[in-house]
Amino acid sequence: MENTYDVIIAGASNSGAMAACAAAEKGAKVLLIDKQGSSRFLFRSFFAALDSNAQRRAGIKVDKAKLMNFLTLFFQDNVDERLLWTWANHADETANWLEDNILKPNGGVLRPQKDAHYETVVNTAFNTELAIATPDNGWAHYGDWVIDKVKELGVTLKYNTKLEELVTDDSGAVTGVITSDRESGEKTEYKANKGVIICTGGYGANVELMKKWDPLGYKKNVYSDGPRDDGSGILAGLKVGAARDEEPAEIIFDRGAVPVGTKAEDHYVIDFKDPGYFWMGAYPLLKVNLKGERFGNESVPYQFDINAMAKQPGYLEAQIWSEDTMDHLAQFDTQGCSRLGWPGIYNTEENKEEIQRRIDDGLVKKADTIEELAEKLNLPKDNLVNSVKRYNEMCEKGVDTDFGKEKFRLFPVDKAPYYGVIMGGRLLATLDGLRINTKMEVIDQNGDPIPHLYAAGNASGGFFWGSYPDRIPGLTCSHAQTFGRLAGQYAAEN
């Protein structure tokens, strides 16, 4: 009986930890395992909701029907709409639980963002964002608080314990798991009376799976920020007959600075310590391809920028700006984590410090003329000079007649010194995974649930397709935690 539990959950992060809490609250005996030694820093700082208590206090309510129609359009209906509505109908209760049970007891708050300004269809935005914060507008690194809650509810937590395979009976029902100890390699079998929940994340750290399941993503991303995401949970589900999404989905930042001369197809660095991180890459400044030519509207969702870049030679782009630009970032009115100042990543002075660090490490180039900058970036000199000249002319007129960027996001590059950086995609996570139904049950190719098997978070599929809708800030975290709680509840009630 020592190795027998009601519910076993693989993955102790956003979805898994929430699943563990939810199952334990239902009275289940729960085992939560994780292949790494800790998960404290994995809990995301932005949560999306529509009508949570925090938003009500701030007088904010997101139009659910409008948001759902937008997501359906954004994904071209390549998703299971029932899952979208399941999230929308349960995100608020998850936000409220998080606030009441995790944040308030530890001095944390959910801080709603009141503005979601946009002027063009491509930038349609919703004020779904709740920053998980401290009362003085600092970041609430609440991972330890969640893990403390897991333990308080009586969950058995085992780190350095990796899911190797699922155990099934003759009927195909999942009855348990086989795990391995990270250090010794020793295998252990655990029995699950009610269910197993896969919350092991995506596969961005598995190069072979990236090449197989998301080959373009492998080419256009120069960094992968999720070294834990080896796809092991998805592979375990496939071995017992699960269906998975047939097309990739991903969340990519346009913030991956690389050395001049980098070949994107040969550069895929997997590291959570953010090598080459370039925050200002998310700003809609002048961007050109490796031929020195502007190729699209920079004022689009961050992953759209990477999609457009991937259609250019070399799968890379160059961003160009001037000293003057850095003192006018507020006018670009960016959203989510790219906001200027809290709850964005940096303020103006910190941004300048980061740029200086990137100059010091050779990633950002500084020059007194555009011609000199072109040489340092290895871009065709005449093309870059002409691109900058054309861009400045449109900035002066206040109309982007080439690609339609909004007037308030046009800022000239006409005062030395000038700066430039070569960038590619920065993969945060893959979002395609095991297919599930609205009860978080993993389904097979016929759409039938595999008994006692559940999935949530980035290991689950059907919710995202293609690019991530960054104008709904906090959606990945909310999707993971909301579906994690639902999976825990359904498994415990099985």
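This is a short tour of the cavities, one pocket and one helix pair in a predicted model.

Before you start clicking, note that residues are numbered from 1 along each chain as its sequence is written, and that side-chain values use heavy atoms, with hydrogens and water left out. Because the model is predicted, local features need pLDDT of at least 70 and side-chain atom pairs count only at pLDDT 80 or more, while totals for chains, interfaces and linings use all residues.

**Stop 1: the largest cavity**

A cavity here is a set of points, on a 1 Å grid over the protein atoms alone, where a 1.4 Å probe fits but cannot get out; lining residues have an atom within 4 Å of a point. Volume is the space filled by probe spheres set on the points, with grid points joined across faces, edges and corners. The count is two cavities of 30 Å³ or more.

Select His 117, Tyr 118, Glu 119, Asn 123, Asp 333, Gln 335, Glu 406, Phe 408, Arg 409 and Arg 471 to see the lining of the largest one. They surround about 50 Å³ of space. Five of these residues are charged, three polar and two nonpolar (Ala, Val, Leu, Ile, Met, Phe, Trp, Tyr, Cys and Pro count as nonpolar, Asp, Glu, Lys and Arg as charged, the others, Gly among them, as polar). Try colouring by domain: domain 1 (4-207 + 432-493) and domain 2 (252-427) each give at least three residues to this lining, with bounds from an automatic or database domain assignment.

**Stop 2: the second largest cavity**

Keep Arg 409 selected, as it also lines this cavity, and add Pro 284, Leu 285, Leu 286, Ile 320, Trp 321, Thr 325, Phe 332, Tyr 391, Phe 411 and Val 413. The volume is about 40 Å³. Here the lining has nine nonpolar residues, one polar and one charged.

**Stop 3: the second largest pocket**

A pocket is an open set with protein on both sides within 12 Å along at least five of seven lines. Go to Lys 220, Pro 248, Glu 250, Gly 466 and Ser 467, which lie nearest the centre among 13 lining residues. The volume is about 190 Å³. Helix α7 (residues 215-220) gives the largest share of the lining, three residues; helices are DSSP runs (H or I, at least four residues), numbered from the N terminus.

**Stop 4: α1 against α13**

Show residues 14-25 and 475-492: the axes of these helices come within 7 Å and cross at roughly 35° (lines fitted to C-alpha atoms over the stretch in contact, angles from 0 to 180 degrees between N-to-C directions). Contact residues (heavy atoms within 4.5 Å) include Met 18 and Ala 22 of α1, and Gly 484 and Gly 488 of α13.

Definitions and conventions. Helices (H or I, at least four residues) and strands (E, at least two) are DSSP runs, numbered from the N terminus.
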